[in-house]
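Please look through the model shown here, beginning with its cysteines and then moving to one serine and to the chain as a whole.

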Amino acid sequence: MTETAAEVLAGHFVNLKADSIPARHMDDARTLVRDYMGVALGGSRTSSARIAARFAEENGGKAEATLIGHGGRVPAVHAAFANAIASHSIELDDVDILALYHFSPPVVSAALAAAEASGSSGKEFLAAVVAGCEMMARVSNATNFSLRNRGFHSTPTCGVFGATIAAARLMGLDKDQTVSALGLAGAQASGLMEMYGPSMQKRFNPGPAARNGITSAAMAKLGYTGAATILEGERGFCKAFTDQFDVPALTKNLGSEFPIHIEYKPYSCARPIHNAIDTALAVRAQLKEPVSAITSMHMRRHPAWAHYHLNTRPATYHEAQVSLPYSVAIALLEGSALPPQYQNDKLKNPEVLRLSEMLVVTPDESLPRGVSCAIEVKTAGGAVLTAQVDHPRGSIANPMSEADMSRKMHLLGDPVLGAAGVDRLAALIADVDKLSDIDGLIAASVPAGAG
């Protein structure tokens, strides 16, 4: 009898040994965890993360896993939920190569909580992160862009499957239990693209995915069974969430290829906006007149993203972080697009508003990549300045340097842990595969006296 996709995938992930994972993917996972920790620490100070941590603590239960940056120990499901929200609250989390989803909020949050609760080794934790990322990528490859175009947010909808695989490995599930866990994950897949606006809605989305990954694995381990046909079945995930899907992509080159392509963010906003910021910074470097001399701006954008992120008057910094016009304007004015640039007191700056409302965005299918952007800026002095960016800074083709990644972690983590504390945490992550458990690592994510 032919196995279902969930059965094939479960067999692969249950039998996948840490030592058989290519070293570059284990190294990528280590880099991902380091970036995640910095972003989660910075995010832990936002109102959205504080509320999530308070929710986790007020619901009580067995002290199994730690709230990053806060120190409280709560049930693993609650820690995964709150940490996922924290790591998605400042728009600096990693991203896939198509800018569709973020690996770490669902996958690393679930893996950390499960590893801490089960006393897993650092090597098994790292392998679980690789496995979770692979599962998430395979589900997205099988369902996007149709899933996104129907209004579903890939980070939670695909991420719940990745979180489930990460948790299932760390909880020691066998193949049949893992199949059931994937079925239960599909029953809990959720997350809508109706998240752009002044609210905290977008930050919430990966929380349930990380939590539900832990829940799926824990329930399956107790004997709760789930549908083996959850992915390709008549009413399964692929058919319910998309108009067009590719079931073979779920298992293509399984065991010989890990389709994990992780990119990192240098700017505190939605990834498809980063190309636009890079073009703005390139123009700023060419500009011989003050920014106030700019008289017109035209942005050509690939049709894959041309109709997203176009709000010219964001009402809160949450909304500004998904606004291309605001991001271009603030980058032109301040030469950066980090958390200091996304503050509520910047939103009504008359020059920001003038530049935001001036920007005209049009689709251009001739651009080579889905995130490609090209800008033309004209000035009162008659200058015509142009720039085109196909691979944004932080992408695989245009990576951030090791120094860039370290500066980012310190920028976000120093206000929480201090510079020495961030160095200590980074050193533990560098040697995570040598740790007998991750207790010391997770303890290093908590400021002295917290918890």
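This predicted model contains 0 disulfides. A disulfide is a covalent bond between the sulfur atoms of two cysteines. To be counted here, the two sulfur atoms must lie within 2.5 Å. For Cys269, the closest cysteine sulfur belongs to Cys373 and is 11 Å away, so the pair is too far apart for a bond. Seen from the other side, the sulfur of Cys373 has that of Cys269 as its closest cysteine sulfur, again at 11 Å and too far for a bond.

Are these two cysteines buried or exposed? Cys269 has a relative accessible area of 0% and is therefore buried. Cys373 is buried too, because its relative accessibility is 0%. The cut-off for this label is a relative accessible area under 20%.

Another residue to look at is Ser445. Ser445 sits in the segment that follows helix H19, which covers residues 439-443. Its relative accessible area is 0%, so Ser445 is buried. Which residues does Ser445 touch, leaving out those up to four places away in sequence? The contacts are with Met37, Leu41, Ile68, Gly69, Leu417 and Leu425. As a marker of distance within the model, take Arg313: it is 132 residues from Ser445 along the chain, and the C-alpha atoms of the two are separated by 36 Å.

Now to the chain as a whole. Its secondary structure consists of 19 helices and 8 strands. The C-alpha trace spans about 70 × 55 × 40 Å along its principal axes. How does the radius of gyration bear on the overall form? For 451 residues, a compact globule would be expected to have a value near 22 Å, and the chain has 22 Å, so the two agree.

Contacts and burial add to this picture. Among contacts in the chain with a separation of 6 or more, 77% are between residues 24 or more positions apart. Of the 451 residues, 59% are buried.

What remains is the surface and the charges. The accessible surface of the chain is about 16,600 Å², and carbon and sulfur atoms account for 52% of that area. The chain carries 39 positive and 44 negative charges, and the mean positions of the two sets are 3 Å apart.

Key: Residues are numbered from 1 along each chain as its sequence is written. This is a predicted model: local features need pLDDT of at least 70, side-chain atom pairs count only at pLDDT 80 or more; totals for chains, interfaces and linings use all residues. Side-chain values use heavy atoms; hydrogens and water are left out. Buried means under 20% relative accessible area, exposed over 50%, partly exposed in between (1.4 Å probe, protein chains only). Helices (H or I, at least four residues) and strands (E, at least two) are DSSP runs, numbered from the N terminus. Contact means heavy atoms within 4.5 Å. The radius of gyration is taken over C-alpha atoms; the globule rule is 2.2 Å times the number of residues to the power 0.38. Accessible areas come from the Shrake-Rupley method with a 1.4 Å probe; for residues, only the protein chains shown count as cover. Lys and Arg count as positive and Asp and Glu as negative; His and the chain ends are not counted. The place of a charge is taken as NZ of Lys, CZ of Arg, CG of Asp or CD of Glu.
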